[in-house]
Amino acid sequence: MKARWCARADLKALGLTLLAFLGCLGREEDRVRLRSALHMVLAARWLPEEEQTELGALIGAAALR
């Protein structure tokens, strides 16, 4: 998904999530920060419909772990 955001220069989605992604060292607070950023992208509906659906499924699968 990240590659598609880069390819189309989706700077809003990248800007919001990249810092959280790069700072994710595996600690619980890092994962929470990344999930929060992804939730914000999903809630803002910045992505094409197919990617919205894909991101929603990814977030849902992570919640089940």
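This report walks through the helices, the core and the charged contacts of a predicted model.

## About the model

Because this is a predicted model, local features need pLDDT of at least 70 and side-chain atom pairs count only at pLDDT 80 or more, while totals for chains, interfaces and linings use all residues. Residues are numbered from 1 along each chain as its sequence is written, and side-chain values use heavy atoms, with hydrogens and water left out.

## Helix α2 and its two sides

Let's start with helix α2, which covers residues 11-22. Helices here are DSSP runs (H or I, at least four residues), numbered from the N terminus. At 1.5 Å a residue, the twelve residues of α2 should span 16 Å, and the end C-alpha atoms are indeed 16 Å apart. The expected span is 1.5 Å times one less than the number of residues.

Which residues of α2 are buried? They are A13, L14, T17 and A20. These residues cover an arc of only 150 degrees around the axis, so they sit on the same side of α2; the arc is that of the directions from the helix axis to the C-beta atoms. On the other side of α2, you will find L11, G15, L19 and L22 exposed. Buried means under 20% relative accessible area, exposed over 50%, and partly exposed in between (1.4 Å probe, protein chains only). The buried residues of α2 pack against α1 (2-7) and α3.

## The nonpolar core

In soluble globular proteins, nonpolar side chains tend to be buried together. In this model, the largest nonpolar core has eleven residues: W5, A13, L14, A20, L34, A37, L38, V41, L47, L55 and I59. A nonpolar core is a set of buried Ala, Val, Leu, Ile, Met, Phe, Trp, Tyr and Cys residues joined through side-chain atoms within 4.5 Å. Helices α2, α3 and α4 each supply at least two residues of this core, and the largest share, four residues, comes from α3.

One core member to look at is L55. Leaving aside residues up to four places away in sequence, L55 touches M1, L38, V41, L42 and L47, where contact means heavy atoms within 4.5 Å.

## D30, a buried acid

D30 lies in helix α3 (residues 28-44). How accessible is D30? With a relative accessible area of 0%, D30 is buried. Not counting residues up to four places away in sequence, D30 touches G23, C24 and L25. A polar atom of the D30 side chain lies 3.0 Å from the backbone nitrogen of L25.

The side chains of D30 and R33 are joined by a polar contact of 3.2 Å. A polar contact is a pair of N or O atoms within 3.5 Å; within protein, one must be able to donate a hydrogen and the other to accept it, and residues adjacent in sequence count only if both atoms are side-chain atoms. From D30 to A62 the C-alpha distance is 14 Å, and the two are 32 residues apart in sequence.

## Salt bridges

The structure holds nine salt bridges, each a side-chain nitrogen of Lys or Arg within 4 Å of a carboxyl oxygen of Asp or Glu. One of them pairs R8 with E51, the closest N and O atoms being 2.8 Å apart. R8 lies in the loop between α1 and α2 and E51 in helix α4 (residues 49-63), so this pair ties together parts that are 43 residues apart in sequence. R8 is partly exposed at 36% relative accessible area, whereas E51 is buried at 6%.

Within helix α3, E28 and R31 meet in a salt bridge (3.1 Å, N to O). E28 and R31 are three residues apart, which means that about one helical turn separates them. E28 also forms a salt bridge with R35 (3.2 Å, N to O). E28 is partly exposed at 41% relative accessibility, as are R31 at 34% and R35 at 30%. A network of salt bridges links R27, E29, D30 and R33.

## A residue with positive phi

R45 lies in the loop between α3 and α4. Although R45 is not a glycine, its phi is positive, at about 55 degrees. With a relative accessible area of 51%, R45 is exposed.
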